[in-house]
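Dear colleague,

I am passing on the structure we talked about, and you will find it just below. After it I have set down what was found, so that you can follow along with the coordinates open.

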Amino acid sequence: MGGDLLERPPYFEVSPTHKARTWLLDPRAPKVEPPNTSIAKALESNAKHAAVNTKKISDEKLVEVKDLVVQFGSNRKPFVAVKGVSFDIYKGETFGLVGESGSGKTTIGRAIIRINSAAKGEIRFKGERISGKISKELDHKITQEIQMIFQDPMASLNERAKVDYIVSEGLMNIHPEMSKAERDQRVAQALLDVGLLPEFASRFPHEFSGGQRQRIGIARSLIMEPEFIIADEPISALDVSIRAQVLNLLSAMQQQRGLTYLFISHDLSVMRFIADRIAVIHKGVIVELADTEELFAYPLHPYTRALLSAIPQPDPRSEKHKVLEVYDPAIHNYTVDKPRWVEIRPKHYITCNEHELAQYQEKLAREGAAE
Ligand SMILES: Nc1ncnc2c1ncn2[C@@H]1O[C@H](COP(=O)(O)OP(=O)(O)O)[C@@H](O)[C@H]1O
Ligand SMILES: [Mg+2]
């Protein structure tokens, strides 16, 4: 089932001071963003949908990232932004990548779509290597099958182009033979799919709100009929009141089209509702990776725990008394006993050395976490 976006009637401006959610008004009435949709409430309804989820996650690996290193600057004095990360993304899942600003999340996304090159390691898509030198045919294929949605819908849309051009640009590149009539028809459908009016095609981006612009960005991706979408902080720049709508739209699209997402965010509370698995990244290193429920139930790495402790509590009393954990990387003594990537519980991975592994196992035993 879709999110509430598809099940509830759209908002209309009846008069400047009166807005109403109704199916009864003419569908051409100007649509407006509803006021103050509580993100928590909408996310909750999203979570309920997830409970009766029809979503199918297969055991087919769609994306494989192996020992990926990405660096910037000169070869003599490189800045290593991604320091050997490995993870797989299964077909149909939403794989969350969370970490503070500057930790390398966008760099990983851009490495997958081949904007950043891999200094070491490799990336595979449907079993084929897509990092390094690849054939023209494969490049053409992944240009269509992998799409990216960007953080800032204000900056990522070309101000001088009409919506029509923005949405169909990728399609024109991949299908130059397509007739204008067919392209127009696809643009109209793509706009409808994301909850916008086909008439918007002839307008310019500045005429739209942030939420509508992000929908245009989503339409631009969906029109390509991709299999895999990298959503890089897609709601971080939006008003709180419309974040849930865009999240629900992304979930609905995933269920209808069997899409696979790499969802990037600095916000663990958003991840909890959208991601099936979460990888926590700190300064270019993935420190922990587990199913979402598992990560929230048994967070082990001190950096994961620090991120969790920073999530605001809905209850003001517990918010007042909560203890903010601060992560100090100096607590790790990795000079002799080196860290490695360990599966500490089934499907729960952590970066730690032997000494820490023993401590984490003890902690799990104390908490009664049976295997
Ligand atoms: N093109 C670039 N040239 C130099 N440094 C870069 C470039 N892109 C990113 N970086 C650096 O790499 C690190 C990771 O950046 P980024 O992947 O954008 O982080 P995040 O998306 O997690 O906020 C940051 O220190 C950033 O300054
Ligand atoms: Mg980023």
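In strand 6, Lys 120 is the bridge partner of Val 69, and this pair is a convenient place to enter the model, which, please keep in mind, is a predicted one. The pair belongs to the contact between strand 3 (residues 61-72) and strand 6 (residues 120-125), two strands that run antiparallel and are joined by 5 bridges.

Strand 3 also pairs with strand 4, again in the antiparallel sense, and here 9 bridges are found; within this pairing, Glu 64 stands opposite Asp 88 of strand 4. The two strands form a hairpin with 6 residues between them, in which Gly 73 takes a positive phi near 85°.

Strand 4 (79-90) leads on to the ligand, since strand 4 and helix 3 (105-112) each supply at least two residues of the shell around ligand 1. Helix 3 gives the largest share of that shell, namely 3 residues. Around ligand 1 you will find Phe 72, Phe 79 and Ala 81, then Gly 99, and after that the run of Ser 101, Gly 102, Ser 103, Gly 104, Lys 105, Thr 106 and Thr 107. By character, the residues of this shell divide into 3 nonpolar, 7 polar and 1 charged.

A further part of the model to look at is an open sheet of 8 strands, whose order is 8-9-10-5-11-12-14-13 and whose pairing is mixed. Its edge strands, each of which pairs on one side only, are strand 8 (146-149) and strand 13 (340-345), and from one strand to the next the twist averages 20°. At one of these edges, strand 8 runs parallel to strand 9 (residues 228-232), with 4 bridges joining the two, and Ile 149 stands opposite Ala 231 in strand 9. Helix 13 (residues 354-366) packs on the sheet, where it touches strand 13 and strand 14 (348-352), and the direction of helix 13 makes about 15° with that of strand 13.

Finally, there is a packing of helices that you may wish to inspect. Which residues of helix 5 (residues 163-174) are buried? They are Val 163, Ile 166, Val 167, Ser 168 and Leu 171, and these buried residues pack against helix 6 (180-193) and helix 7 (210-222).

With best wishes

Note on methods: Residues numbered from 1 in each chain as written. Chains lettered and ligands numbered in written order. Predicted model: local features only at pLDDT ≥ 70, side-chain atom pairs only at ≥ 80, totals over all residues. Near = placed C-beta within 6 Å. Nonpolar A, V, L, I, M, F, W, Y, C, P; charged D, E, K, R; others polar. Pairing = 2+ DSSP bridges. Buried ≥ 20, exposed ≤ 12 C-beta atoms within 10 Å, placed from the backbone. Contact = placed C-beta atoms within 7 Å. Axes fitted to C-alpha atoms, helices over the stretch in contact; angles between N-to-C directions.
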